[in-house]
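Me: I would like to learn how to read a few features of a protein model. Can we go through them one by one?

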Amino acid sequence: MRDVHDTQAPSAVPDQADAAAEFRRLMGLFATGVCVVSVNSGKDAIAAMTVNSFVSVSLDPMVVCWSLQNSSSQFDVYARADRFAVSILAQDQAELATRYAARGDTQLRELDFTQSAQGLPVVAGALGHFECQKHSDHLVGDHTMIFGEVAGLRIYSALDGRISPLGFFNGKFCSIEQ
Ligand SMILES: Cc1cc2nc3c(=O)[nH]c(=O)nc-3n(C[C@H](O)[C@H](O)[C@H](O)COP(=O)(O)O)c2cc1C
């Protein structure tokens, strides 16, 4: 798993656990933005989860994807949802991102959300959000990739000039300067 540029001595007995740790370490060096995926989960109930696996998949049609861990306590809620929203977090929303990275929805605060044009919960104060109609899902190892066709979107950052996103790098939230 190590390459010629790595100055550390290889461990004596490289095993599956070492490989997984290196995979995580290297993926941690891939800086990302931070999103919250949110769904209507019942009458007057919402569920929300911080994610950084969000990617753009297709422009025509507009399709996005995120990856849901199969061990999530909320797996059924997200896997069964016909529609979901993805809010792109702003630099000052690290505390909110931590709140929605907690197990379950015990820390959910209704004030963190507002309703999108199509009636989905979206994060207030985010840079913008996508409203998605579930396209398909695909089980891959210990995660399920959830694809969504973009049914609506809104960009807020242009309105108030605030365009600094929240970033995630090397296991920590960070700011991304332009
Ligand atoms: C920056 C960051 C990114 C995350 N990205 C994902 C992700 O893409 N998919 C996922 O299933 N969980 C992701 N998580 C973990 C979830 O936010 C949450 O902690 C996890 O689902 C545990 O709660 P649960 O078991 O109730 O789902 C991420 C957490 C953090 C802090």
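What follows is a short walk through the sheet, the ligand shell, the nonpolar core and one loop residue of this predicted model.

Me: In what order do the strands of the open sheet lie, and how do they pair?

Reply: A sheet is read from one edge to the other, through pairs of strands. Here seven strands form an open sheet in the order S3-S2-S6-S9-S10-S5-S4, and the pairing is antiparallel. From one strand to the next, the twist averages 35°.

Me: Which strands stand at the edges?

Reply: Strand S3 (45–51) and strand S4 (55–58) do. Each has a single partner strand, so one side of each lacks a neighbour in the sheet.

Me: How many bridges join S4 to S5?

Reply: Three bridges link S4 to strand S5, residues 63–69, and the two run antiparallel. As for individual positions, Ser-56 is placed opposite Val-64 in S5.

Me: Which residues come nearest to the ligand?

Reply: A ligand shell can be read by distance, by element and by residue class. By distance, Val-51, Ser-53, Ser-72, Ser-73 and Ala-101 come nearest among the 17 residues around the ligand. By element, S3 and S5 each supply at least two residues of the shell, and S5 gives the most, with four. By class, the shell holds seven nonpolar residues, nine polar and one charged.

Me: Which members of the largest nonpolar core touch the most other members?

Reply: The core is read through its members and their contacts. It has 36 residues, and those touching the most other members are Cys-35, Val-36, Val-37, Tyr-78, Val-86 and Leu-89. Elements that give two or more residues to this core include strand S2 (35–42), helix H2 (75–80), strand S6 (83–88) and strand S9 (128–140). The largest share, five residues, comes from S3.

Me: What is Val-86 in contact with, leaving aside its neighbours within four places in sequence?

Reply: With those neighbours set aside, Val-86 is in contact with Cys-35, Val-37, Phe-54, Val-64, Trp-66, His-129, Phe-130 and Cys-132. Val-64 is also the residue that Ser-56 stands opposite.

Me: Is Glu-110 buried or exposed, and why?

Reply: Burial is read by counting C-beta neighbours, with 12 or fewer inside 10 Å taken as exposed. Glu-110 has 9 such neighbours, so it counts as exposed. Glu-110 lies in the loop between helix H3 (94–99) and strand S7 (113–115).

Me: How far apart are Glu-110 and Ile-46 in sequence and in space?

Reply: In sequence, 64 residues separate Glu-110 from Ile-46, while their C-alpha atoms are 8.5 Å apart in space.

Conventions. Residues numbered from 1 in each chain as written. Predicted model: local features only at pLDDT ≥ 70, side-chain atom pairs only at ≥ 80, totals over all residues. Pairing = 2+ DSSP bridges. Axes fitted to C-alpha atoms, helices over the stretch in contact; angles between N-to-C directions. Near = placed C-beta within 6 Å. Nonpolar A, V, L, I, M, F, W, Y, C, P; charged D, E, K, R; others polar. Core = buried A, V, L, I, M, F, W, Y, C linked by C-beta atoms within 7 Å. Buried ≥ 20, exposed ≤ 12 C-beta atoms within 10 Å, placed from the backbone. Contact = placed C-beta atoms within 7 Å.
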